[in-house]
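Thank you all for making the time this morning. Please have a look at the model on the screen, and then I will take you through a few places in it, one after another.

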Amino acid sequence: RDPYEKLADAAQVHAYTGVAPTVALHIPWDKVTDYADLARHARELGVGIGAINSNVFQDDDYMLGSVTHPSARVRRKATDHLLECVDIMDATGSDTLKLWFSDGLNYPGQDDIRARQDRLAESLAEVYARLGEGQRFLLEYKLFEPAFYATDVPDWGTAYAHCVKLGPKAQVVVDTGH
């Protein structure tokens with residue numbers, strides 16, 4: 001299975017129902033060598049590339065956080081991944097980057113909560129500055145996930161405060177699914 005087949009499946013659903021005009025990509029799971037070709041393939045099937053969903057939770061380096069991690073090396077790795085996702089947006093014509101961070105603390109004293117908010121803000125600002133005309137990012141808050149001692153995006157208000165500070169290209173999405 002690959003992103004080309006994913007697009008073909010979604011295009012079939014869209015052909016019968018009209019409810020799937022775009023298909024979200026999840027990076028790195030949907031990585032390809034030529035994103036322009038993937039976008040061309042989508043257009044030929046009658047669908048488009050929708051949101052690009054980043055993944056800064058799967059790698060072992062992110063055990064103590066991604067963009068909020070105490071290590072500058074790990075934060076750089078995570079932010080570089082988010083910037084790569086904006087590059088993928090450029091190549092596919094996507095206008096939306098979806099950001100979800102599982103970052104948080106498992107117990108008191110593990111890290112400085114205020115410093116983690118500052119690190120989050122710093123990374124978000126760098127990604128926001130990289131967005132092109134007509135692009136945006138959605139900062140996701142999940143109601144039921146994760147369940148740490150402290151989560152770095154603990155509520156929709158925290159997500160909203162970060163987005164308001166950045167500007168109109170930053171918006172909040174609340175995931176009620178899980």
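Let me begin with the largest pocket, which holds about 180 Å³ of space, and please keep in mind throughout that we are looking at a predicted model. Thirteen is the number to remember for the lining, since 13 residues line this pocket, and the closest to its centre are His26, Asn53, Ser54, Phe57 and Trp100. Two elements, β3 (96-99) and β5 (136-142), are the ones that give two or more residues to that lining. If we sort the lining residues by character, we find five nonpolar, four polar and four charged. As a general remark, rolling a probe the size of a water molecule over the atoms shows where empty space is left.

Now let us move to the loop between β1 (22-26) and α2 (35-45), where Trp29 has its place, and where Pro28 lies as well. Ile27 and Pro28 are joined by a cis peptide bond, with omega at about 25°, and this deserves a second look, given that most peptide bonds are trans. As for Trp29, which residues does it touch, if we do not count those up to four places away in sequence? They are Asn55, Phe57 and Gln58, and with Gln58 there is also a polar contact of 2.6 Å between the two side chains, that of Trp29 and that of Gln58. Trp29 and Asp2 are 27 residues apart in sequence, while their C-alpha atoms are 8.6 Å apart in space.

Next comes the largest nonpolar core, which has 41 residues, and in which Ile52, Leu97, Phe101 and Phe137 are those with the most contacts inside it. Helix α3 (residues 72-92) gives the most to this core, namely eight residues. To take Ile52 on its own, and again not counting residues up to four places away in sequence, the residues that it touches include Leu25, Ile27, Cys85, Ile88, Met89 and Leu97.

My last stop is His69, in the loop between β2 (48-53) and α3. Is His69 buried or exposed? His69 counts as buried because its relative accessibility is 9%, and the cut-off for buried is under 20%. A polar atom of the His69 side chain lies 2.8 Å from the backbone nitrogen of Ser71. Leaving aside neighbours within four places in sequence, His69 is in contact with Asp61, Leu64, Val74, Arg75 and Arg119.

Key: Residues are numbered from 1 along each chain as its sequence is written. This is a predicted model: local features need pLDDT of at least 70, side-chain atom pairs count only at pLDDT 80 or more; totals for chains, interfaces and linings use all residues. Side-chain values use heavy atoms; hydrogens and water are left out. On a 1 Å grid over the protein atoms alone, a cavity is a set of points where a 1.4 Å probe fits but cannot get out, and a pocket is an open set with protein on both sides within 12 Å along at least five of seven lines; lining residues have an atom within 4 Å of a point. Grid points are joined across faces, edges and corners, and a volume is the space filled by probe spheres set on the points. Helices (H or I, at least four residues) and strands (E, at least two) are DSSP runs, numbered from the N terminus. Ala, Val, Leu, Ile, Met, Phe, Trp, Tyr, Cys and Pro count as nonpolar, Asp, Glu, Lys and Arg as charged, and the others, Gly among them, as polar. Contact means heavy atoms within 4.5 Å. A polar contact is a pair of N or O atoms within 3.5 Å; within protein, one must be able to donate a hydrogen and the other to accept it, and residues adjacent in sequence count only if both atoms are side-chain atoms. A nonpolar core is a set of buried Ala, Val, Leu, Ile, Met, Phe, Trp, Tyr and Cys residues joined through side-chain atoms within 4.5 Å. Buried means under 20% relative accessible area, exposed over 50%, partly exposed in between (1.4 Å probe, protein chains only).
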